[in-house]
Amino acid sequence: MSFRLILSLLFFSFILRNLEARSIGDAVVADGVHDFAVDLNSSVFATVLKESKANFAIVEFFAHWCPACRNYKPHYEKVARLFNGPNAVYPGIILMARVDCAAKVNTDLCNKFSVTYYPMLLWGPPIKFIAGQWDPKEKNNEILPIDDGRTAERLLNWINKRIGSPFSLDDEKYENDNALLRNASDPAQISRAIYDVEETTANAFDIIVENKMIRSETRASLIKFFQLSAAHHPSKRCRRGTAELLVNFDDLWPKDLSSISLDAAKKSHENNTTKHFWICGKQIPRGYWTFCRGSKPETRGFSCGLWVLLHSLSVRAEDGESHVAFTSICEFIQNFFVCDECRRHFGEMCSSVSVPFNTTRSLALWLWTTHNKVNVRLMKEEKDLGTGDPKFPKMIWPPKQLCPSCYRSQSKVDWNDDEVFKFLVKYYGETLVSSYKKDGLVKIENEESISDDATSSTAHAVVVPLGAALAIALASCAFGALACFWRTQQKNRKQRKNWSKVKTEMRSGAEDDWDA
């Protein structure tokens with residue numbers, strides 16, 4: 001091997017290592033601007049994108065001589081700061097990269113991606129960029145041009161609309177010591193939890209399916225909880241997705257599994273037919289938390305989101321259905337919450353209820369009291385073991401900063417139940433969904449949108465009419481019986497042309513769940 005070839009290989013290895021380091025990245029400072037975006041060229045383009053763990057990628061195609069590109073760089077970097085580098089606020093969600101089309105080594109690459117102007121931004125899953133080309137005329141292309149990202153604010157707004165996120169340019173990493181103070185003193189902060197409630201709902205459904213927890217003895221409990229969620233879930237797109245699952249429930253998990261062959265069950269397991277269902281939309285779960293994000297990866301998150309969901313269901317249920325909502329919540333935790341000790345403690349508190357609830361107030365206050373009992377127990381355990389979140393310690397809730405009127409006395413804990421109930425209704429009702437409405441997520445969009453009322457939650461199943469879903473909510477006082485009747489009627493409607501094939505796959509998958 002010649003000396004010149006050895007030098008060339010060493011040089012290329014050095015460049016590749018630096019580029020790969022930037023992909024997980026140390027920010028570089030140039031001309032007063034931090035470089036968080038990853039600089040790519042044709043040699044490492046496919047490698048870096050292939051090895052990326054991010055769900056999405058944005059690639060900026062620019063030219064270093066272009067004045068507009070130079071002026072745009074600070075805007076692009078403001079957004080890249082949130083997603084790239086060791087101190088990323090939201091790591092692992094979006095890889096933000098750039099390619100200099102003025103460099104001759106990148107000429108063919110930029111041509112393959114049909115770059116016709118600078119700067120040009122493309123969005124898509126990293127795996128789709130690996131093919132090394134993009135044709136704007138191609139239909140159903142998963143790589144999309146970002147047509148409204150000329151400032152940092154507009155680019156982030158485009159991202160938020162695309163994946164239904166609440167990102168802000170002011171967001172900081174966990175080290176923000178004021179996070180607890182804001183959550184504890186500003187009631188408006190709960191509005192960010194609507195995204196966490198969706199994340200929790202999707203994660204819970206995935207856990208149930210992946211662990212094959214739907215059996216003959218748990219089937220009715222899940223139907224009851226789905227009925228409650230279809231009527232009162234704070235997220236309309238989760239209500240819609242849950243309603244569609246109810247329509248197809250008997251096909252996915254038949255009551256009588258004895259007639260299904262073992263071979264058919266195995267085939268369905270391989271096809272994983274339930275993957276066609278997105279209970280809260282195609283883009284969820286997103287893989288991150290906002291309001292429920294802890295200062296450590298193992299704290300808050302799912303459990304926080306589940307409590308917010310249960311509190312919201314308790315205040316949204318009508319008086320006449322409060323006890324049905326209570327039993328639905330208790331049975332759901334008992335049958336589908338995988339933390340054995342948590343499930344046992346919650347079950348004991350459910351069993352202690354001797355008089356049926358007949359008002360929303362009594363249900364909401366019981367769940368609030370139950371939550372505080374859990375916090376008191378965990379406060380001591382986490383303090384003794386050092387397992388709590390140092391920035392979000394368990395506390396008696398709500399604190400005085402959040403609801404002064406909830407306390408009769410400033411010197412001791414003496415609750416004013418009427419004020420507590422008013423607070424719970426506003427906090428977990430109107431305030432929780434306020435940012436949802438502000439962001440326009442309740443508008444009906446086309447099927448490609450991730451908006452609140454996306455046309456369909458699944459790839460192949462029958463679409464549930466919006467009117468039918470709303471009818472459940474409007475008749476919530478009898479949501480159990482109505483939902484069952486509605487499911488039966490919907491199944492008798494004319495099916496889509498390809499429904500029979502999917503139905504066969506769904507039925508064949510049920511025995512796999514049963515046998516497990």
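Select first Asn-140, which sits in the loop between helix 5 (126-129) and strand 7 (144-145), where helices are DSSP runs of H or I with at least four residues and strands are runs of E with at least two, both numbered from the N terminus. Although Asn-140 is not a glycine, its phi is positive, at about 55°. Asn-140 is exposed, with a relative accessible area of 77%; exposed means over 50%, buried means under 20%, and partly exposed lies in between, as computed with a 1.4 Å probe and protein chains only.

Before going on, keep in mind that this is a predicted model, in which local features need pLDDT of at least 70 and side-chain atom pairs count only at pLDDT 80 or more, whereas totals for chains, interfaces and linings use all residues. Residues are numbered from 1 along each chain as its sequence is written, and side-chain values use heavy atoms, with hydrogens and water left out.

Move next to Lys-212, in the loop between helix 8 and helix 9. Lys-212 likewise is not a glycine and has a positive phi, of about 50°. Is Lys-212 buried or exposed? At 18% relative accessibility, Lys-212 counts as buried.

From this loop, step back into helix 8 (residues 193-210) and display helix 13 (residues 302-316) with it; the two pack at an angle of about 105°, with their axes 8 Å apart. The axes are lines fitted to C-alpha atoms, for helices over the stretch in contact, and the angles run from 0 to 180 degrees between N-to-C directions. Helix 8 and helix 13 are therefore roughly perpendicular to each other, a term used for angles of 65 to 115 degrees, while angles under 35 count as roughly parallel, those over 145 as roughly antiparallel and the rest as oblique. To see the contact, select Ala-193, Asp-196, Val-197, Thr-200, Thr-201, Asn-203, Ala-204 and Ile-207 of helix 8 together with Phe-302, Gly-305, Leu-306, Val-308 and Leu-309 of helix 13, contact here meaning heavy atoms within 4.5 Å. The residues of this contact divide into eight nonpolar, four polar and one charged; Ala, Val, Leu, Ile, Met, Phe, Trp, Tyr, Cys and Pro count as nonpolar, Asp, Glu, Lys and Arg as charged, and the others, Gly among them, as polar.

Keep helix 13 on display and add helix 9 (residues 219-232), whose axis comes within 10 Å of that of helix 13 and crosses it at roughly 70°. That makes helix 9 roughly perpendicular to helix 13. Here Phe-225, Leu-228, Ser-229 and His-232 of helix 9 meet Leu-309, Leu-310, Leu-313 and Arg-316 of helix 13, and the residues of the contact divide into five nonpolar, two polar and one charged.

For another helix pair, select helix 14 (residues 322-336) and helix 15 (residues 340-351), whose axes come within 9 Å and cross at roughly 155°. Helix 14 and helix 15 are therefore roughly antiparallel to each other. In this pair, Phe-326, Ile-329, Cys-330, Ile-333 and Gln-334 of helix 14 meet Arg-343, Phe-346, Gly-347 and Cys-350 of helix 15, and these residues divide into six nonpolar, two polar and one charged.

Now go to Asn-372, found in helix 16 (residues 360-385). At 9% relative accessibility, Asn-372 counts as buried. Which residues is Asn-372 in contact with, leaving aside its neighbours within four places in sequence? Show Met-395, Ile-396, Trp-397 and Trp-415, which make up that set. Trp-397 leads on to another feature, since selecting Trp-397 and Pro-398 brings up a cis peptide bond between them, with omega about 0°. Pro-398 has its place in the loop between helix 16 and helix 17 (417-431).

A cis peptide bond also joins Tyr-118 and Pro-119, with omega about -15°, and Pro-119 is in the loop between helix 4 (107-112) and strand 6 (120-124).

Select last Ser-434, in helix 18 (residues 434-438), which is partly exposed, with a relative accessible area of 34%. Ser-434 and Ile-194 are 240 residues apart in sequence and 9.0 Å apart in space, C-alpha to C-alpha.

To finish, zoom out to the whole chain, which has 21 helices and seven strands. Buried residues make up 50% of its 516 residues, and among contacts in the chain with a separation of 6 or more, 71% are between residues 24 or more positions apart.
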